[in-house]
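User: Could you show me how to read a metal site and a small sheet in a model like this one?

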Amino acid sequence: EEKYVPKNVEEKWQKHWETSKSFKVTEDRGKQKYYLLEMFPYPSGRIHMGHVRNYSIGDVVARFKRMKGFNVLHPMGWDAFGMPAENAAIQNRSHPATWTHENIAYMRGQLKKMGLSYDWDRELATCDVEYYAWEQRIFLQMFERGLAYKKTSYVNWCPKCETVLANEQVEDGGCWRCDSSVVQKELEQWFFRITDYAEELLDYTNKLPGWPERVLVMQRNWIGKSYGCEIDFPLDGNTGKIRVYTTRQDTLYGATFMSLAPEHPMALELTTPERRAEVAAFVDKVKKTDKIRRTAEDLEKEGVFTGSYCINPVTNAKMPIYLANFVLLEYGTGAVMAVPTHDQRDFEFAKKYDLPLQVVIQPEGEALDPSTMTSAYIEVGTMVNSGPFDGMRSDEAKEKIAEYLDREGVGTKTVNFRLRDWGISRQRYWGNPIPVIYCDSCGVVPVPEKDLPVVLPMDVAFTGEGGSPLAKIDSFANVECPLCGKPARRETDTMDTFVQSSWYFLRYCCPEFTGGPIDTPRAEYWMSVDQYIGGIEHAVLHLLYARFFTKVLRDLGYVNVDEPFTNLLTQGMVIKDGAKMSKSKGNVVDPNALIDRYGADTARLFSLFAAPPEKDLDWSDQGVDGSYRFINRVWKLVVETLPFIEHAGPVDAATLADNARNLRRMVHKTIRKVTDDLDERFHFNTAIAAVMELVNAIYAFEPKNAPENAAVLREGVESVVLLLSPFVPHVAEELWEAIGHQEGVEAAGWPVWDEAATVDEELLIVIQVNGKLRGKVTVPADATEELVKQAAFADERVQSWLEGKQIRKAIYVPGKLLNIVVG
Ligand code: ANZ
Ligand code: ZN
């Protein structure tokens with residue numbers, strides 16, 4: 001074809017890939033495996049530019065590794081349960097299943113139009129019973145081992161979505177999906193005991209060198225391990241005591257009051273009758289604030305006095321007991337010894353309620369006065385007002401006081417984690433049913449193996465009213481107890497959709513396996529995922545849950561790996577006019593329009609060339625146009641040189657003329673550079689830029705029709721095509737075929753450079769001053785005029801002839817001579 005018509009080229013090759021199942025893989029033990037995974041999409045309706053970018057990045061890696069001879073697993077599927085389907089059902093009166101499957105069909109078509117090299121035979125959708133059935137099996141195994149359990153707790157509740165949210169799903173006090181203010185509600189919930197794995201999850205953040213450090217830091221902070229003490233404070237006039245958790249036992253002598261979480265179980269009994277009304281009102285108010293907000297630094301500190309006192313066990317001082325909004329029930333013991341001089345929250349609280357301050361740590365060369373302090377002193381210093389510990393450095397006193405408390409039997413050293421168990425119950429229809437039954441006589445009864453899976457009933461009404469739709473389906477909810485046969489009730493909550501995305505990468509290894517969730521030998525062949533690619537927004541939610549699940553499944557005997565993802569790449573956003581593309585900002589570019597106009601190869605090339613993957617990609621119409629023009633330029637290059645190279649044989653390096661040898665050097669240097677940029681790195685933009693330069697050089701190379709140049713020219717053109725093929729696979733296959741190859745680029749393999757061909761040759765350039773020989777310089781064979789001049793002016797002998805003279809001009813005879821004219 002003379003003219004590049006993307007549509008024809010792309011349809012042809014997509015059909016070819018589809019019918020010959022080009023990217024289908026099996027567990028070929030004779031080959032080295034490479035598991036490449038991009039985060040699977042939620043089937044929201046259409047793909048967006050973020051998907052285009054994410055999947056283009058992944059596809060380059062997949063195709064590159066395949067050409068290098070790896071057995072590449074590159075699967076795709078659908079994170080298909082979740083709220084939008086249900087909301088759409090309420091709005092459009094369509095069934096969530098219909099809505100979801102229609103979206104999947106449409107989006108699958110879009111992905112295929114992008115020419116992504118997936119093994120479509122491994123496609124899965126988490127809403128299909130073939131998938132979620134196995135998740136129910138995993139749930140029950142976790143239940144058996146106490147890793148799934150039920151408890152009543154205060155939960156984050158989104159009043160608009162009418163569902164529970166995990167802490168990870170609350171952002172700035174709002175629902176991560178709809179942004180409504182989150183409230184606290186007491187509910188019975190199912191939990192996964194992720195805290196059992198806190199230590200290991202933390203430990204392995206130091207054993208994942210292939211992850212971005214900032215993601216690891218976020219996970220470490222989320223897990224939040226701290227070392228401290230639990231200390232008992234006896235109640236005043238009563239035999240009870242309050243236990244606190246502190247990481248600053250060195251400040252114990254400065255504890256002047258006590259702050260309890262408003263939900264603390266002792267809060268009521270400690271409240272004196274005359275304070276009851278005020279306390280009740282306060283507790284009520286705090287329960288309406290979500291927990292994330294309550295830990296925010298800028299939260300207005302508020303509290304209420306209970307009327308009771310406790311005793312500081314080392315100073316014997318009487319400490320008023322308050323309830324405080326910033327103390328959480330779930331952390332430590334739910335009680336805090338307040339040290340207003342050395343903790344900023346306590347300081348603000350004490351100032352507000354006029355509570356006593358006692359300095360116990362003094363900074364170097366300064367004496368703090370409680371009456372003039374404007375903020376807490378939180379650094380290390382010298383111990384004062386602390387009995388036997390006076391004069392010590394406070395960091396040393398920490399250890400000494402811990403030992404002392406232990407000896408006296410009032411405290412013990414403890415470790416605490418900020419990580420909480422993962423609440424997975426959702427009051428939604430479109431999710432995986434939790435497979436348990438409640439019986440008045442037998443309690444919580446797991447659905448017996450023979451009755452699994454619990455299939456999500458299709459016949460359901462979407463009224464938009466609150467509560468779980470499943471609870472309103474009698475035929476679903478009412479069952480016989482599997483143990484005693486009496487009428488019982490099914491659990492009608494479904495699992496958080498993050499459960500499905502916690503193990504889908506394992507199911508890709510064996511998607512049609514009917515013997516269990518995971519076919520262990522196959523999973524062991526493929527795992528771990530060598531390269532995972534997705535958005536930074538999943539740094540804690542999905543990526544922590546997936547790590548947890550992998551460890552659980554390991555302990556259940558399904559896999560032998562400790563971690564799911566060896567390498568992680570978090571790609572940047574796609575932005576336009578400086579803002580993230582979003583419907584609300586009206587700056588969305590629809591991939592369909594882009595592909596229709598320019599073709600998928602241009603869409604891919606642009607999104608890979610415009611920015612390094614980790615950085616935000618700024619959308620530019622000129623950039624898209626430039627990518628399109630470059631592809632056309634490559635196309636034209638092949639069409640124009642074809643007649644000269646068609647019958648060319650291999651290069652005979654010994655017989656090459658200078659310019660041919662120079663071109664060949666560039667070809668091999670480019671192969672080396674691009675390989676380097678792609679191998680375990682993602683320097684796509686510089687790789688593409690290098691090929692662009694090579695294309696320019698081939699255009700400039702003359703004479704193209706000389707028979708002695710044919711072999712070098714062919715090697716150059718073929719290298720361009722192969723090096724570009726991971727980025728623009730359709731056009732590359734088309735040109736490769738045009739050059740005369742029967743088999744595709746994968747069979748050709750990734751080009752290898754000849755190190756000898758890349759060695760820079762040197763030239764000796766004669767330097768004249770006013771026509772007389774005054775020196776000689778050696779420069780690389782491909783040196784530009786500019787470089788030769790620089791070398792000449794830097795030469796000492798030449799310099800001595802130029803001293804005090806004015807340089808009028810310099811005439812360069814390429815590769816031979818530079819004549820400097822002075823006057
Ligand atoms: C006394 C003290 C004095 C504290 C001082 C700090 C500074 P990390 O490091 O994050 O583990 N704390 C304990 N339980 C709490 C709860 N349920 N809600 C809110 N705050 C709580 O934090 C440990 C510190 O957080 C503990 O040490 C406690 O305050 C507070 F100069 O105890 B500290
Ligand atoms: Zn029963």
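Analyst: The metal site comes first, and the sheet follows. This is a predicted model, in which local features need pLDDT of at least 70, side-chain atom pairs count only at pLDDT 80 or more, and totals for chains, interfaces and linings use all residues. Residues are numbered from 1 along each chain as written, chains are lettered from A and ligands numbered from 1 in the order written, and side-chain values use heavy atoms, without hydrogens or water.

User: Which atoms coordinate the zinc ion (ligand 2), and what is their arrangement?

Analyst: Ideal angles for four tetrahedral donors are 109.5 degrees. Here the SG atoms of C439, C442, C481 and C484 coordinate the zinc ion (ligand 2) at 2.1 to 2.4 Å, donors being N, O and S atoms within 2.8 Å of the metal (3.2 Å for Na, K and Ca). Because these 4 donor atoms subtend angles of 104 to 115°, the arrangement is tetrahedral (all angles between 85 and 135 degrees). Along the chain, the donors follow the spacing C-x2-C-x38-C-x2-C.

User: Is C439 buried or exposed?

Analyst: C439 is buried, at 6% relative accessibility, whereas C442, at 29%, is partly exposed; buried means under 20% relative accessible area, exposed over 50%, partly exposed in between (1.4 Å probe, protein chains only).

User: In what order do the 3 strands of the open sheet lie?

Analyst: Strands of a sheet pair through backbone hydrogen bonds. In this case the order is β20-β26-β21, with antiparallel pairing, where strands are DSSP runs (E, at least two residues) and pairing takes at least two DSSP bridges. The edge strands, β20 (425-426) and β21 (432-433), each pair on one side only. β20 and β26 (residues 494-495) share 2 bridges, and R426 stands opposite T494 in β26.

Terms used:
Helices (H or I, at least four residues) and strands (E, at least two) are DSSP runs, numbered from the N terminus. Four donors count as tetrahedral if all angles lie between 85 and 135 degrees; four count as square planar and six as octahedral if opposite donors are over 155 degrees apart and all others between 65 and 115; anything else is irregular.
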